[in-house]
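Trainee: Could you take me through one part of this model up close? I'd like a connected account rather than a list.

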Amino acid sequence: MTYVPLMDGVEAVMRAPAEPGPARGHLAEPHVFTPLEGKHTSPDIDHGSTSWKTAIAAVCRFSPEVFELVMLDLVRHPNLTSSNIVRADIVHDSAKQVNRGDHPDFGVGSEYTAIFDSTAYEASGWHCDRRLVRRLIPRNQQRDRILEQTCIFLSRIADDSIGSLVVYIPHVMRAEEMPHYHPAVKQLAFHHSYPRNPSPLGPGKDAGRVSVSYEYFDSNQSLDDTRLDRTALKLLQTVHKHGEGQLTGYEKRVHHDQIIPQKRYQDTYARLKAKYGKQLTTTWVEVTDPVKHVFEDIGIAAFLVELWDDMYSRPVTVDA
């Protein structure tokens with residue numbers, strides 16, 4: 001459980017080791033991440049907009065199937081690329097039946113349908129394979145607001161290559177509405193291309209290419225935004241690392257949230273932090289650092305509240 005700092009003893013209790021399993025990959029040597037020259041070029045997205053620019057690109061060895069697995073994992077776990085986000089709640093998945101009754105305040109109305117769909121891409125030859133809508137939950141909900149975002153998975157087969165495209169579309173209309181933890185762009189896309197007939201020796205060569213592109217809100221948005229460049233670098237490094245991990249046989253050994261579901265714990269932690277955090281910090285009488293210890297203790301308390309709620313039924317009160 002890494003979303004709040006906890007004492008070693010409690011952290012160990014909250015983790016459960018995974019059963020060992022066979023490695024999926026077969027390449028022993030890792031592939032070094034090396035960005036390509038020529039950023040801010042026009043990407044191969046082709047949906048009628050001229051405001052798309054590629055922020056960074058790199059060669060890769062992993063196939064479209066691996067790319068899709070990696071991107072699905074990143075959609076479900078945005079905390080892998082941003083420490084300011086604790087989780088994503090999936091409120092719609094075209095591949096599954098998601099009960100929107102669990103999310104009554106889901107804010108995508110009919111007025112957004114034409115904006116947050118895949119029609120423009122499908123008109124350019126892309127096929128929509130899957131559409132998800134997620135709600136990004138920030139770590140500090142008192143400072144940052146929750147952001148809803150559509151994630152579209154597309155594919156396109158050409159004569160000599162297979163293209164895969166994953167587009168993130170935040171549900172905002174202006175850059176000023178974007179939360180601090182998300183890039184201030186209209187859309188961002190991960191583009192992967194791979195030869196239709198790769199080497200028979202397997203994925204040992206730099207056969208593919210993967211890139212991160214931005215669609216800006218307007219043409220005057222600066223291309224020299226160092227924060228956007230750093231974000232693109234972090235995103236592409238993460239995709240490359242996880243894609244290569246699949247090839248080299250990486251197997252996750254530790255699985256978190258085996259005792260208490262992540263959403264319940266984080267919601268209780270956020271509630272207790274908002275209610276008691278400031279008061280406990282300002283009235284701290286110990287010589288130790290209150291910022292460190294108060295929030296560690298709130299994290300432990302949140303875990304125990306949820307654990308005891310499972311262990312013991314709450315008393316039912318009946319009004320006289």
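Trainee: Let's pick tyrosine 312: where is it found, and what surface patch is it part of? Then please work back from there into the helices.

Mentor: Tyrosine 312 sits in the segment after helix 6. Keep in mind that we're looking at a predicted model. The residue is exposed, because its relative accessible area of 51% falls over the 50% cut-off. Together with Trp308 and Met311, Tyr312 makes a nonpolar surface patch of about 370 Å². For the wider setting, the protein exposes about 17,800 Å², with carbon and sulfur atoms supplying 53% of that area.

Now step back into helix 6, which spans residues 290–311. Here the salt bridge to look at is the one between glutamate 306 and arginine 264, whose closest N and O atoms are 2.8 Å apart. That pair links distant parts of the chain, since glutamate 306 belongs to helix 6 and arginine 264 to helix 5, 42 residues apart. The two ends of the bridge sit in different classes of exposure: glutamate 306 has 8% relative accessibility, so it counts as buried, while arginine 264 at 28% is partly exposed.

Follow the bridge across and you're in helix 5, residues 262–282. Its 21 residues reach 29 Å from the first C-alpha to the last, close to the 30 Å expected at 1.5 Å a residue. Even so, the helix has a kink of about 50°, centred on tyrosine 276. Its buried residues are Tyr265, Gln266, Thr268, Tyr269, Leu272 and Gly277. As for partners, the buried residues of helix 5 pack against helix 6 and also against strand 3 (85–93). There's a general point to hold next to that list: an α-helix has 3.6 residues a turn, so residues three or four places apart point the same way.

Next, a salt-bridge network made up of Arg87, Asp89 and Asp267. Within this network, the side chains of aspartate 89 and arginine 87 meet at 2.8 Å, N to O. Both of those residues are under the 20% cut-off, so both count as buried: aspartate 89 has 10% relative accessibility, and arginine 87 has 4%.

Another buried charged pair is worth a look while you're at it. Glutamate 148 forms a salt bridge with arginine 135, with 2.9 Å between the closest N and O atoms. Glutamate 148 is in strand 5 (residues 147–157) and arginine 135 in strand 4 (residues 127–138), so this bridge ties together parts 13 residues apart in sequence. Glutamate 148 and arginine 135 are both buried. Across the model, the count comes to 10 salt bridges.

To finish, pull the view back to the whole chain. The protein has 6 helices and 9 strands, and 41% of its 320 residues count as buried. Among contacts between residues at least 6 apart in sequence, 71% join residues at least 24 apart. So the glutamate 306 to arginine 264 link, at 42 residues apart, is a good place to start when you trace how helix 5 and helix 6 are joined.

Note on methods:
Residues are numbered from 1 along each chain as its sequence is written. This is a predicted model: local features need pLDDT of at least 70, side-chain atom pairs count only at pLDDT 80 or more; totals for chains, interfaces and linings use all residues. Side-chain values use heavy atoms; hydrogens and water are left out. Helices (H or I, at least four residues) and strands (E, at least two) are DSSP runs, numbered from the N terminus. The expected span of a helix is 1.5 Å times one less than its number of residues. The bend at a residue is the angle between axes fitted to the seven residues ending there and the seven starting there. Buried means under 20% relative accessible area, exposed over 50%, partly exposed in between (1.4 Å probe, protein chains only). Contact means heavy atoms within 4.5 Å. Patches are made of residues with over 30% relative accessible area and no salt bridge: like charges are joined within 9 Å, nonpolar side chains (Val, Leu, Ile, Met, Phe, Trp, Tyr) within 5 Å. Accessible areas come from the Shrake-Rupley method with a 1.4 Å probe; for residues, only the protein chains shown count as cover. A salt bridge is a side-chain nitrogen of Lys or Arg within 4 Å of a carboxyl oxygen of Asp or Glu.
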